[in-house]
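Today I sat down with this structure and a fresh notebook page. Here is what I looked up, in the order I got to it.

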Amino acid sequence: MLQKALLVCALASATLAVAQPYPTKPIRLIVPDGPGSVGDLRARQLGSKLSEQFGQSVVIDNRPGASFIIGAEAAAKSAPDGYTIFLGSIVTHSLNPFLFKSLPYRPMEDFTPVTMLSAGPMILVVHPGVAASNMKELVDLSKAKPDQLGYGVVGLGSPGHLIMEQIKRETGARFLMVAYKSGGTIVQDITGGHLPVWLSFWSIVGPHVKSGKLRALAVASPRRLEAAPGIPTFAEAGVPGIEGFAWQGIFVPAGTPRPLVLKLQAEIARAINSPEIRNNLIETGAEVGGNSPEAFAAMIRADQDKWRRLAGEVSLAQQ
């Protein structure tokens with residue numbers, strides 16, 4: 001009887017959600033990173049456009065810390081009424097499940113995927129002082145100077161760490177991992193000539209490549225970046241099979257009525273395909289999202305499998 005009553009209540013809530021206009025009050029967008037971060041900037045750009053489309057404010061709620069776990073937990077425990085949405089990412093849904101033995105949220109069970117916002121491949125860059133103008137020369141140089149060419153990472157198990165370990169395994173390169181607390185420090189060190197190699201994103205390294213402070217050798221995607229067509233893919237550079245994308249997307253708490261999920265997906269897709277947002281994403285080396293909830297969920301599952309496999313190959317221990 002209790003299960004039947006709960007089912008009736010759930011159906012009634014879904015029916016009410018369809019019958020009432022949406023939204024009728026401000027929407028909270030939880031961002032698991034701090035102000036000024038890439039995720040925060042993406043969220044504010046999206047929130048501003050959605051506010052125009054909905055006629056209701058979209059309030060950014062920054063919840064940084066603990067590998068994005070704090071924000072993810074807060075979102076997972078929020079009411080599934082369409083008025084809390086969450087900026088999830090490769091970290092919250094693909095990497096954290098194998099980086100931590102236990103999480104206070106379940107990536108696929110506690111959330112309903114709405115749509116991907118953007119995805120961008122990682123780019124391998126070197127300081128101009130490194131005597132390598134392509135991947136072959138860089139690999140050969142690392143073998144000639146084993147464990148002397150350092151590459152920067154922010155955290156074990158990060159996309160940059162796993163991809164660099166994959167490159168080492170595929171080529172026999174002898175790079176040395178150098179751990180940092182923040183990407184900002186890596187930028188300072190590599191542009192200053194204190195760090196030879198880094199894998200990052202065009203939105204971060206692009207300005208330095210354009211200014212000549214860094215040299216880009218390869219992009220970890222099946223095709224070249226529209227924003228930087230002169231950079232070869234890893235396959236073109238002689239190292240096939242190296243692909244690494246970081247993505248961001250919108251989620252809602254599990255149990256959010258499907259009509260609201262579909263409404264959000266349609267409006268978010270409309271927002272990110274507006275000229276101002278779409279052009280900005282492309283200029284910063286990102287692919288524009290807007291896919292269906294089902295396609296987004298399938299993408300996440302495939303992404304989880306990929307990173308889990310890579311983590312196992314480099315024998316990454318859980319914390």
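**Arginine 308 first, then the rings**

I started with arginine 308 and found it in helix H11, which covers residues 293-313. I kept in mind that this is a predicted model. Is arginine 308 buried, partly exposed or exposed? Its relative accessible area is 45%, under the 50% needed for exposed, so arginine 308 is partly exposed. I also checked it against leucine 264: the two are 44 residues apart along the chain, and their C-alpha atoms are separated by 30 Å.

Next I turned to the aromatic rings. How many aromatic pairs does a search of the whole structure find? I got eight. One of them joins phenylalanine 86 and phenylalanine 111, with 5.3 Å centre to centre and 25 degrees between the planes, and counts as stacked. This pair links strand E3 (residues 84-89), home of phenylalanine 86, to strand E4 (residues 111-126), home of phenylalanine 111, across 25 residues. I noted phenylalanine 86 as buried at 1% relative accessible area, and phenylalanine 111 as buried at 2%.

I then followed phenylalanine 111 to phenylalanine 251. Their ring centres are 6.0 Å apart and the planes meet at 70 degrees, so I logged the pair as edge-to-face. Phenylalanine 251 lies in strand E9 (residues 245-253), so this pair ties strand E4 to a part 140 residues apart in sequence. Phenylalanine 251 is buried too, at 0%.

My entry for the cluster reads: Phe86, Tyr105, Phe111, Trp247, Phe251 and Phe296 together.

Last, I looked for charges over rings. Lysine 25 lies over the face of tyrosine 83, 4.7 Å from the ring centre. Lysine 306 lies over the face of tryptophan 307, at 4.9 Å.

Notes: Residues are numbered from 1 along each chain as its sequence is written. This is a predicted model: local features need pLDDT of at least 70, side-chain atom pairs count only at pLDDT 80 or more; totals for chains, interfaces and linings use all residues. Side-chain values use heavy atoms; hydrogens and water are left out. Helices (H or I, at least four residues) and strands (E, at least two) are DSSP runs, numbered from the N terminus. Buried means under 20% relative accessible area, exposed over 50%, partly exposed in between (1.4 Å probe, protein chains only). Rings of Phe, Tyr and Trp (its six-membered ring) pair if their centres lie within 6.5 Å; planes under 30 degrees apart count as stacked, over 60 as edge-to-face and the rest as tilted. A charge sits over a ring if NZ of Lys or CZ of Arg is within 6 Å of the ring centre and within 35 degrees of the ring normal.
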